Amino acid sequence: FFWTIAQPSFAGFQTRSFARGGGLMSQHCSGWLRGGCCGLRATATAGEVDGVAGDWEGKTLLVLGGGVIGVSIAYHLALRGVRCTVIDRAGIASCASGKAGGFLARDWNDGSPVGELARQSFDLHEKVAKKLNLLSYRRLKCKAVAVDGSESKPSGAKLKDLEWTDIGVQGSRPMGDESTIAQVLPKQLVDAMWAFASQHGSTYLQGVVQNVVADGGRVTGVMVDGKEVA
């Protein structure tokens, strides 16, 4: 059993199991998955949900972290009929997952151990964007720019106060085109995935996860702000 970026794999998915950092641990009737660290309507229909909850039917799965990783886990589990409780101290996409640039590249990790994973993630982003009707998703070109540090400003009124235009450009080179580069607004992506998951039974709990609760060597839940959640 393991998790890839955005797309969970269910190879070896066993009853009474939960994943932490990719490893399996047994437990009674609740599991938890750790993610990283709002008003859109998801457009996927009920027919697009696999609805194969299997041994998780009627059980609670806890996802610790309401950023893009945690919410993506909840979304892809919802596609399989599994309901989650996402726990986060601040909210869904409250930090970097709601404020990042959303820049996506297909091949920048080629030659590394995660090269193939990055390519699959890039393709998956497009599929999710189409399924959830994310209007911010787009393909684009990208260039690397060399600067001389002169901090010369453009004369146009629309650009003169923008910090990123203080560049003194000396040259540039292409880094990708529409076949390898894309962008999506992270907040829109996370909100849409969460809207889908919540419409299919997942819930959000605000709080700080303090510890794992165990009984006889089995994990049964977590402590959130001094209260046990299972």
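**Notebook: strand β8 and its surroundings**

I started with L104, which sits in strand β8. Note to self: this is a predicted model.

Is L104 buried or exposed? I looked up its relative accessibility and got 12%; the cut-off for buried is under 20%, so L104 counts as buried.

Next I checked what L104 touches, skipping residues up to four places away in sequence. The list has F122, H125, Y137, T180, I181, A182, Q183 and V184. I also looked at D123: it is 19 residues from L104 in sequence, and the two C-alpha atoms are 10.0 Å apart in space.

**The sheet**

Then I wanted to know in which order the strands of this open sheet come. There are three, in the order β8-β12-β9, and they pair antiparallel. The edges are β8 (103-105) and β9 (138-139), each pairing on one side only. Between β8 and β12 (residues 181-183) I found three bridges. Looking across from F103, I met Q183 in β12.

What lies across these strands? I found helix α2 (residues 115-131) over β8, β9 and β12, and its direction makes an angle of about 130 degrees with β8.

**Aromatic pairs**

How many aromatic pairs does the structure hold? I got two. In one of them, the ring centres of Y75 and F196 are 5.2 Å apart and the planes stand at 70 degrees, so I wrote down edge-to-face. Y75 belongs to helix α1 and F196 to helix α3 (residues 186-199), so this pair ties together parts that are 121 residues apart in sequence. Both Y75 and F196 are buried.

The other pair brought me back to β8: F103 with W108, 5.5 Å from centre to centre. Their planes are 45 degrees apart, and the pair is tilted. I looked up the accessibility here too: F103 is partly exposed at 39%, and W108 is partly exposed at 40%.

**Helix α1**

Since Y75 had led me to α1, I went through that helix (residues 68-78). How many of its eleven residues are buried? Nine, so I noted the helix as mostly covered. The buried ones are G70, V71, S72, I73, A74, Y75, H76, L77 and A78.

**Cysteines**

Last, I looked for disulfides and counted zero. For the record, I also noted how covered two cysteines are. C84 is buried, with 3% relative accessibility. C95 has a relative accessible area of 47%, which makes it partly exposed.

Note on methods. Residues numbered from 1 in each chain as written. Predicted model: local features only at pLDDT ≥ 70, side-chain atom pairs only at ≥ 80, totals over all residues. Heavy atoms only, no water. Disulfide = S-S within 2.5 Å. Buried < 20%, exposed > 50% of the residue type's maximum accessible area, 1.4 Å probe, protein only. Pairing = 2+ DSSP bridges. Helix = DSSP H or I, 4+ residues; strand = E, 2+ residues; numbered from the N terminus. Contact = heavy atoms within 4.5 Å. Axes fitted to C-alpha atoms, helices over the stretch in contact; angles between N-to-C directions. Phe/Tyr/Trp six-rings, centres within 6.5 Å; stacked < 30°, edge-to-face > 60°.
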